[in-house]
Amino acid sequence: MKTLARLEKNKFFWYLFAILCGFFILRFPSLFEPYWYGDEGVYQTLGLAINNGSLLYQDIWDNKPPLLYMIYSFFGSDQFTVRLASLIFGLLSIFVFFKLANKIFGITKIALFSTAFFALFFGSPLLEGNIANAENFMVLPILTSALILLNIKETDETKKTQNRNILLVFLSGIILGVSFLFKIVALFDFAAFLIFAAFFIDGKFLTHIRNKKYEAYEVKKVLSFILGFAIPIVLTAGFFLTKGALDPFLNATFFSNIGYVGYGNKFIIPQGLLLIKLLLLGGFIGFLFLKRKSFNATTIFVWIWFAFSLFNAFFSQRPYAHYLLVLLPSFSLLLGLVFADKKFQKINIFLVILSLLLISKNFGVYGKPIRYYENFLSFITHKKSVSDYQRFFDRITPVDYELASFIRARTRENDTIFTWGNNAQIYKLTEKLPPGRFTVAYHITGSKNGISETEKAIDLKKPKIIILMPYMRSFPFNLSNYSQRIIIDKATIYERVL
């Protein structure tokens, strides 16, 4: 019997190993992509600036928490290395997801199915898993936090068990706080896990509400989770406070996103659509609370997490495929529930179909995944030129490389440049920094004082080269001290003469 159990265990290990290998193969071509993706260009430029002594948000700007930029800084904004780090995070995420699925289902075949689904969509470019966005890094701490949370035992009212649970909840909160420092939407995972920890994780809740010891334990458990979540955020805010940059930090990571969210959520009134989504979410959580005795704890956990993750994906009402990465873990578990929870199979199928309909109506996924891999194979087998390989990702990518080559030849180490466009990757390709805080034109025009602030920075730093991209309508700054040097595929390069 022991031999059979060992063989069975080994079999599942090899299945998991095969899934991990499949994920590695899916992600491998991403390591060799050219510098082409606009958001990564912004992250790369911020990483360069940090390594050159700039203070985040005050000297160089973007609207996310700092941890993603610190990763880019740590790896010198080298795309290959950052994407390799993203790949490793992905492999670890799959392993933790499998452990989580096994914890929830207790049936390894279903856990493997959910894990395979998760790995397929996390590894392929369908949801932009190939791009080193914040979502790629924040999934691992979210999954780890969930796994720790589900290891809480139902309290037997002994001090030892309660203390163990409180410690686990605290640790789960800290790890989730780290995820928040990649992107603030981890707040929705925090809300889901907090509600589960407070109201559903312990079957004795409300049956012992008059027991003062039990009440104190419940309060400690909830406060420990909140405290754990807050610690990384408070420490980060404290760092920027000591640098005199607390206001820029708060404005960039929190307040600047209000208008971003409001843009797509206007319905009759500002944020009207967001209010409707909040009411639907609240109604679903209220239904689960009222019917909590009808469902087991793990099913409730998946449903709550899925509901908040769905809300998360639709929060800003923007159609970017990588937003779906935050929904992928709970959706993959929901698929597993379709097979594991026969009692409520129809509800699970309904939730799967409903979410797929909403996603298909509101999101566009990457439309050429097969051609993506064909492009890579053609390149490594020398059937495609470098420029044709680059052009597959974006027609302007070879132009960026030509511009960068020209700029490198015309500038010295300490020169600055300024590109009037949305291709910040030129700064990385030339190892140069912009004169001011902003790296792309849409940040300049989208900021209240962006134009005037950038104009002052240009006058102060006097960039050696200014590049005007052809898709930009007008250039709002003075070029009187610059002479047109060359036009490269409709992109105009000006060089300073005074």
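In this predicted model, Lys462 sits in the loop that links helix H20 (450–461) to strand E2. Its phi is near 50°, which is a positive value in a residue other than glycine. That is worth a second look, since most residues other than glycine have a negative phi. As for cover, Lys462 counts as partly exposed because its relative accessibility is 42%, a value between the 20% and 50% cut-offs.

Glu431 tells a similar kind of story. This residue, also not a glycine, has a positive phi of about 55°. Glu431 is found in the loop between helix H18 (425–430) and helix H19 (441–446). With a relative accessible area of 47%, Glu431 is partly exposed. Another positive phi turns up at Asp489, with a value near 50°. Asp489 belongs to the hairpin of E3 and E4, where two residues lie between the strands.

The loop of Lys462 leads on to E2, and from there the strand pairings can be followed. Strand E2 covers residues 465–468 and pairs with E4 in the antiparallel sense, over four bridges. E2 is also joined to E1, again by four bridges, but here the two strands run parallel. Ile465 shows up in both pairings: in E4 it stands opposite Glu495, and it is the bridge partner in E2 of Ile417. On its other pairing, E4 goes with strand E3 (residues 482–488), antiparallel and over six bridges. Glu495 appears here too, as the partner in E4 of Ser483.

How are the side chains of these strands arranged? In a regular strand the side chains alternate between the two faces of the sheet. Strand E1 (residues 417–420) has Ile417 and Thr419 pointing one way, with Phe418 and Trp420 pointing the other way. All of these E1 residues are buried. In E4, Ala491, Ile493 and Glu495 point to one side, while Thr492, Tyr494 and Arg496 point to the other. Neither side of E4 is left open: the residues pointing both ways are all buried. Put as a count, six of the six residues in strand E4 (residues 491–496) are buried, so the strand is mostly covered, buried here meaning under 20% relative accessible area.

Over in strand E3, Ser483 is a bit less hidden. Ser483 is partly exposed, because its relative accessible area is 31%. Setting aside residues up to four places away in sequence, Ser483 touches Ile493, Tyr494, Glu495 and Val497. Pro141 is another matter: it is 342 residues from Ser483 along the chain, and the C-alpha atoms of the two are separated by 51 Å.

Turning to the helices, Thr253 lies in helix H10 (residues 246–264). Thr253 counts as buried because its relative accessibility is just 1%. What does the side chain of Thr253 reach at 2.7 Å? The answer is the backbone oxygen of Phe249. Beyond its neighbours within four places in sequence, Thr253 is in contact with Tyr57, Asn63, Lys64, Pro65 and Ile184.

Pro232 lies in helix H9 (residues 212–242). At 11% relative accessibility, Pro232 falls under the 20% cut-off and so counts as buried. Residues up to four places away aside, Pro232 touches Ile174, Gly177, Val178 and Leu181. From Pro232 to Ser86 there are 146 residues along the chain, and their C-alpha atoms are separated by 21 Å.

Finally, there is a nonpolar patch on the surface, of about 680 Å². The residues that make it are Phe24, Ile25, Phe28, Phe32, Phe80, Leu84, Ile88 and Leu92. Helix H1 (2–27) and helix H4 (79–105) are the elements that give two or more residues to the patch. Which element gives the largest share of the nonpolar patch? That is H4, with four residues. Phe80 is one of the patch residues, and its place is in helix H4. Phe80 counts as partly exposed because its relative accessibility is 35%.

Notes:
Residues numbered from 1 in each chain as written. Predicted model: local features only at pLDDT ≥ 70, side-chain atom pairs only at ≥ 80, totals over all residues. Heavy atoms only, no water. Patch = residues over 30% accessible without salt bridge, like charges linked within 9 Å, V, L, I, M, F, W, Y side chains within 5 Å. Areas by Shrake-Rupley, 256 points an atom, 1.4 Å probe, with all protein chains shown as cover. Salt bridge = Lys/Arg side-chain N within 4 Å of Asp/Glu carboxyl O. Buried < 20%, exposed > 50% of the residue type's maximum accessible area, 1.4 Å probe, protein only. Contact = heavy atoms within 4.5 Å. Polar contact = N/O pair within 3.5 Å; in protein donor to acceptor, adjacent residues only side chain to side chain. Pairing = 2+ DSSP bridges.
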